[in-house]
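Please find below a colleague's note on the structure shown here. The points are numbered so that each can be taken up separately.

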Amino acid sequence: MLRFHNTLSREVEEFKPLDEGKAKVYICGPTVWNFAHIGNFRTFIFGDILHRYLEFKGFDVTYVMNLTDVDDRIINESAERGIGIDDMTAPFIVAFHEDMAALNCLEPDFEPRATDHIGEMIDIIRALLENGKAYESDGSIYYRISAFPDYGKLSKISFEGNIEGGSARVDTDKYDKEDARDFALWKLVDDPDATGWDASFGRGRPGWHIECSAMSMKYLGETFDIHAGGIDLQFPHHENEIAQSEGATGKTFANFWLHGEFLKIDNEKMAKSLGNDYTFRDIRDRGFSALAIRYLLLSVPYGKQLNFTFEGLKGAETTVERLRNFRRLVSDSTTGNGIDGSALSAARTALEQFESAMDDDLNTSQALAAIHNLVKEINSLMADRMLTKDERDAVLHAVAKFDSVLGIFGEEEKEVLDEEIDSLIEERERARRERDFAKADEIRDRLAEMNIILEDTKDGVRWKRG
RNA sequence: GGCGGCGUAGCCAAGUGGUAAGGCAGAGGUCUGCAAAACCUCCAGCAUCGGUUCGAUUCCGAUCGCCGCCUCCA
C-alpha cells in the first residue's frame, strides 16, 4: 500500500488517486535566473523518484514541472544588462536541462514556462476579481485573504501573535493592501518599456504564486492528485496557490502535498554568504560523477534534512561503483546447471523489501539497504558457485526494477573493444603465460591510461571502462 | 515573539517499547605473480538529565546544540 506524508494533514496517508490508475503530479521547478544548486537538485531528484515510483506501481502518470522564467530577479538583471528576459533565461534553461539529464532525471510530460501562460494567469485573476477575492489598489491586484477562510490550512500558520515578531520582514508596500497578509496577483507596470503584459485590469506582470496555479490547473485539471516542492515553498507560495486556485474554482486544488526537506552542507545551512551554495557544476568540476551525486541526494528520505559532505560524496562514488560492478559481474557470469535456487528467493525478497520501503513514503534509505543486502548475498554466493541461468536472470531483473526507480546503476557497458585494445589485452595474456610480469604490468598500465581497467579472474580477463 | 524538525559509531544514515538496517572509511584475513574485483571477520548501547514502564534509543518532561518557516528562497 503506497503511502505519503501529506502536509495538509501532517500525517502519512494512503495514496488514492482521483482517477483509478492515474496519477497527476505537479512540482515547482526552478527559477531560471542562475545555475541550479545541489539543494535544488535534491528536490528535483525527489520529484523524479516520485515520478518513477508511481510508474513502477503501475500508475499512468502525468508529471508536470514548471520553469519560472519571469520574476523580479530576472526582470531586474535583464534590465541591467539591457537584454530581454528570454535572452537572459535561455542559457540557464539549457544548463538546467543538461544538468537534469546528467542526473538521470526523467523528462516531465509537460514543462510549462510562466511566460507562455500569462493568459491563463489573467483568467484566474479576473475570476478572483469577479467573485470578490481580489481587489485593485494603486493599479496592482491583490488577493483578499479575509475572503478565504481556509487560508493557512497547509502551513498551519495562525496569524495571531506571530506576525508581530516577523513584522520586520513584511512587505514594504503593505500600505497599498487592505491587510498585511494580502499578496500581489498582478503588479502594476507603468513604464511601457519595462517587462509587462496587458490585461483588462491594466498593464503589469504576474505575482510569483499565480503562475503555478495557472499552469498546474491547465495541464492537470482544477483538482489533481499530488503537488510537490521544496519545504521552503510551503509558505507562502503553496499556501497562496491554494488560496488563488480554490478561491477561483471553489474546488479542492491538490489532494496531496509533498515537501522535500532541505539540504545542509557540513551541518550548516547552504547560503551564498557561507560560500557553500554549490551548483551541480561546481561539484562536477571537483571530479565527482553525476551518478554519485544522484545517489547521495536520494540516499536520505526526502522528508528529512540531508547533510551533504564531500566525504559522503566520496563514499557515494565508491558505492555506485560497487553497484555497477555487481551488475556487470552478474551479467557476465557463466552459468551452471545447479538446482539450488537460493538466489531466486534472495532476489524476490529484495524486491519485496524494496517495494515495501518505497511504499512507506518513499523510504529510499531502506530501499537501498534492500539492494545492498542482495548485492552482498549474491556476490557471496558467486564466490562459491556459479549461478543458474534462472538465478542470473532473476537477479538482473531485480536490478532493472530497482534502477527503473532509483536510476543509480547508470548505462550498461556494451561497447565493443576496438582492435588495438583487444590485441593489447591478448599480448598481456601471452606475457602472463610466459610469466613476464613486468611486461604484463606495463601493458596493464598502458590500458589504464586508455581508461580500460582490467580484472583477472578465474574465468579469464574482465575489463571495464574506468 | 509565534511555530516546526533534528541530535544514532570516524563520516552519511534507517529504524524500533524488549538489548540497533545499510553505505563509506578503518583493522585483520582469503583469493591473486602483483594489482583489481569479490568474499570472510572485527568495529555504537542511540545528545544530557529526570520520569513512566517488568523493560526506552524508541513514550513524557527539562536542558544543551543544530536546521528551518513567520511573505526572496528547492
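The points below run from the overall fold of the chain, through the RNA surface, to individual helices and backbone details.

1. Basis and overall architecture. The coordinates are those of a predicted model. Chain A contains 14 helices and 17 strands, and its C-alpha trace extends over about 90 × 50 × 40 Å along the principal axes. Of the 466 residues in chain A, 47% are buried. Among contacts in chain A with a separation of 6 or more, 76% join residues 24 or more positions apart.

2. The surface around RNA strand B. There are 60 residues around RNA strand B, and R181, W208, K269, N307 and T319 are the ones that come nearest. On the RNA side, 69% of the atoms of strand B that come within 4 Å of the protein belong to sugar and phosphate. Sorted by class, the protein surface near RNA strand B consists of 26 polar, 19 charged and 15 nonpolar residues. Helix α11, residues 364-384, supplies the largest share of this surface, with 8 residues.

3. Polar approaches to the bases. Which side chains place a polar atom by a base oxygen of RNA strand B? One is R444, with a polar side-chain atom 2.6 Å from a base oxygen of the strand. Another is R432, where an N or O atom of the side chain is 3.3 Å from a base oxygen. A base nitrogen is also approached, in this case by T43, with a polar side-chain atom at 3.0 Å.

4. Helix α12, geometry and burial. Helix α12 covers residues 389-406, and its 18 residues should span 26 Å at 1.5 Å a residue; the end C-alpha atoms are indeed 26 Å apart, so expectation and model agree. The buried residues of α12 are E391, R392, V395, A398, V399, F402, D403, V405 and L406. Viewed down the helix axis, these buried residues fall within an arc of 160°, and therefore they line one face of α12. After the helix comes G407, with a positive phi near 60°.

5. Helix α8. Is helix α8 mostly covered or mostly open? It is mostly covered: 9 of its 9 residues, numbered 290-298, are buried. The buried set comprises A290, L291, A292, I293, R294, Y295, L296, L297 and L298, and thus includes the charged residue R294.

6. L306 and its surroundings. L306 is located in strand β13, residues 306-308. With a relative accessible area of 2%, below the 20% limit, L306 counts as buried. Beyond its neighbours within four places in sequence, L306 is in contact with R42, F262, L263, K264, L296, L297 and V300. Two of these partners, L296 and L297, are also among the buried residues of α8. Computed along the sequence, L306 is 101 residues from G407, and the C-alpha atoms of the two are 19 Å apart in space.

7. H51 in helix α1. H51 lies within helix α1, residues 38-56. Its relative accessible area is 3%, so H51 is buried. Apart from neighbours within four places in sequence, the contacts of H51 are with V61, Y63, L106, E107 and D109.

8. Positive phi outside glycine. Most residues other than glycine have a negative phi, and most peptide bonds are trans. Against that background, R10 has a positive phi of about 60°. R10 sits in the loop between β1 (3-6) and β2 (11-14), and its relative accessibility of 37% makes R10 partly exposed. N267 likewise has a positive phi, near 70°. The loop that holds N267 runs between β11 (263-265) and β12 (268-269). At a relative accessible area of 52%, N267 is above the 50% limit and therefore exposed.

9. A cis peptide bond. Which two residues are joined by a cis peptide bond? They are F235 and P236, with omega at about 5°. P236 is placed in helix α6, residues 234-249.

Key. Residues numbered from 1 in each chain as written. Chains lettered and ligands numbered in written order. Predicted model: local features only at pLDDT ≥ 70, side-chain atom pairs only at ≥ 80, totals over all residues. Heavy atoms only, no water. Near = heavy atom within 4 Å. Polar contact = N/O pair within 3.5 Å; in protein donor to acceptor, adjacent residues only side chain to side chain. Helix = DSSP H or I, 4+ residues; strand = E, 2+ residues; numbered from the N terminus. Expected span 1.5 Å × (residues − 1). Buried < 20%, exposed > 50% of the residue type's maximum accessible area, 1.4 Å probe, protein only. Arc of directions from axis to C-beta. Contact = heavy atoms within 4.5 Å.
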